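Subject: Structure handover

Hello,

Here is the structure you asked to look at. Please open it alongside this message and follow the notes below.

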Amino acid sequence: MRIRIVDAFTDRPFAGNPAGVLLLDAFPDDDRLQKVALEVNHAETAFAHRLSEGGEADWALRWFTPATEVAMCGHATLATAHVLHTTGAHDGPVRFATRSGVLVATPREDGSITLDFPTAPLTPVEVPAGVAEALGAEPRAAFDTGPNVGDLLVEVADEKTVHALAPDLKALAAYSERGVIATARAEDPARGYDFVSRCFFPNVGVDEDPVTGSAHTALAPFWSERLGRPDLTGLQASARSGRVRTELRGDRTLLSGHAVTVIEGELLA
């Protein structure tokens with residue numbers, strides 16, 4: 001089996017979010033998929049196989065962190081679509097059958113790929129007791145992001161606060177199914193982005209995710225309502241950093257970005 005490492009939501013290597021991508025003839029048992037994901041040891045490893053023609057989807061797609069399978073992953077979907085298009089395995093828009101329904105990835109003339117994902121339903125909640133201490137900053141507001149994302153979304157005071165976060169990850173694990181998204185308005189939109197975020201997912205074995213597509217299905221409606229525009233750009237302010245263009249379309253959110261293949265090899269085990 002060929003295995004590729006792809007940096008997603010970036011147009012240059014060694015930035016964005018790396019994902020393993022394996023194109024298979026069929027899915028082996030879950031234990032083998034999990035072992036491969038642990039061996040790859042990136043935030044996500046994507047496994048895909050071609051489906052029969054004439055159905056509602058072209059490829060089946062699953063995502064595994066080093067610790068568990070997840071219901072939705074943006075950057076590994078982008079990485080998989082990039083591999084399909086750059087290797088000639090698929091032309092044009094590709095429909096993926098996933099645990100979150102059929103997700104479509106469409107290549108653009110500028111080399112980017114646009115993902116069509118379900119918009120996360122945001123439910124305001126009281127800021128949980130202790131989350132400020134665990135995060136290292138006082139949230140202004142908190143939201144549940146629904147079952148597909150599974151995070152607690154919190155707004156903090158400003159962009160500088162987001163950059164400075166150094167959370168207690170063990171303590172942070174108590175506040176949601178997957179983790180916590182911290183966000184703030186961009187200090188200077190002239191820099192090319194409208195909001196910033198960082199994502200901490202200790203419950204799925206990912207202390208800090210470099211660039212999280214699924215989180216932007218919650219960030220898009222959150223910031224589109226506040227900024228009064230459906231089209232925005234988010235900067236995920238991790239050490240690797242990356243940008244996600246978002247377009248809110250009601251119950252769907254479009255996520256756009258580039259990807260770069262940095263490693264290609266053969267899985268021998």
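**A strand, a helix, a strand**

Strand 2, helix 1 (residues 30-40) and strand 3 form a β-α-β unit, and the unit is right-handed. Keep in mind that this is a predicted model. Start with the two strands of that unit, then move outwards.

**Strand 2 and its partners**

Strand 2 covers residues 17-24. Seven of its eight residues are buried, so the rest of the structure largely encloses strand 2.

Strand 2 has a partner in strand 1 (residues 2-8). The two run antiparallel, and six bridges join them. To find the pairing on screen, look at Val6, which stands opposite Ala19 in strand 2.

Strand 2 also pairs with strand 3 (residues 44-50). Here the sense is parallel, again over six bridges. Two residue pairs help you trace it. Gly20 has Thr45 in strand 3 as its bridge partner. Leu24 has His49 in strand 3 as its bridge partner.

**Strand 3 and Ala48**

Is strand 3 largely enclosed or largely open? Six of its seven residues are buried, so strand 3 is largely enclosed by the rest of the structure.

Strand 3 pairs with strand 4 (residues 59-64) too. This pairing is antiparallel and has six bridges. His49 turns up again: its bridge partner in strand 4 is Ala60. So follow His49 across, because it has Leu24 as a partner in the strand 2 to strand 3 pairing.

Ala48 is also part of strand 3. Ala48 has a relative accessible area of 0%, so it counts as buried, a label for values under 20%. What does Ala48 touch, beyond residues up to four places away in sequence? The residues are Leu22, Leu23, Leu24, Phe27, Trp59, Ala60, Leu61 and Thr80. Look at Leu61 in particular. Ala48 and Leu61 are 13 residues apart along the chain, yet their C-alpha atoms are separated by 4.4 Å.

**Asp151**

Now go to strand 11 (residues 151-155), where Asp151 lies. Its relative accessible area is 1%, so Asp151 is buried. Which side chain does the side chain of Asp151 meet in a polar contact? It is that of Arg178, at 2.6 Å.

Arg178 is also one of the residues in contact with Asp151 once neighbours within four places in sequence are set aside. The others are Phe143, Asp144, Thr145, Ser176, Gly179, Ile181 and Phe201. Remember Arg178 and Phe201. Both come back in the section on spaces.

**Thr253**

Thr253 sits in strand 17. Thr253 has a relative accessible area of 0%, so it is buried. Its side chain and the side chain of Thr119 are joined by a polar contact of 2.7 Å.

Leave out neighbours within four places in sequence, and Thr253 still has a list of contacts. Among them are Leu115, Asp116, Phe117, Pro118 and Thr119. The list also includes His216, Thr217 and Ala220, as well as Glu247 and Leu248.

**Spaces in the model**

How many cavities of 30 Å³ or more are there? The count is one. The largest cavity has a volume of about 70 Å³. It is lined by 15 residues, and the closest to its centre are Glu44, Arg178, Phe201, Asp209 and Thr212. Three elements give two or more residues to this lining: helix 2 (74-87), strand 14 (206-209) and helix 7 (213-227).

There is a pocket to find as well. The largest pocket holds about 230 Å³ of space. It is lined by 15 residues, and Phe9, Thr10, Asp11, Gly242 and Arg243 are the closest to its centre. The elements giving two or more residues to the pocket lining are strand 15 (231-236), strand 16 (242-249) and strand 17 (252-257). Which of these gives the largest share? Strand 16 does, with four residues. Strand 17 should look familiar, since Thr253 lies there.

**Where to begin**

Try the β-α-β unit of strand 2, helix 1 and strand 3 as your way in. Then find Ala48 in strand 3, Asp151 in strand 11 and Thr253 in strand 17. Leave the cavity and the pocket for last.

Best wishes

Key: Residues are numbered from 1 along each chain as its sequence is written. This is a predicted model: local features need pLDDT of at least 70, side-chain atom pairs count only at pLDDT 80 or more; totals for chains, interfaces and linings use all residues. Side-chain values use heavy atoms; hydrogens and water are left out. Buried means under 20% relative accessible area, exposed over 50%, partly exposed in between (1.4 Å probe, protein chains only). A polar contact is a pair of N or O atoms within 3.5 Å; within protein, one must be able to donate a hydrogen and the other to accept it, and residues adjacent in sequence count only if both atoms are side-chain atoms. Contact means heavy atoms within 4.5 Å. A crossover is right-handed if, with the strands pointing away from the viewer, the path from the first strand over the helix to the second runs clockwise. On a 1 Å grid over the protein atoms alone, a cavity is a set of points where a 1.4 Å probe fits but cannot get out, and a pocket is an open set with protein on both sides within 12 Å along at least five of seven lines; lining residues have an atom within 4 Å of a point. Grid points are joined across faces, edges and corners, and a volume is the space filled by probe spheres set on the points.
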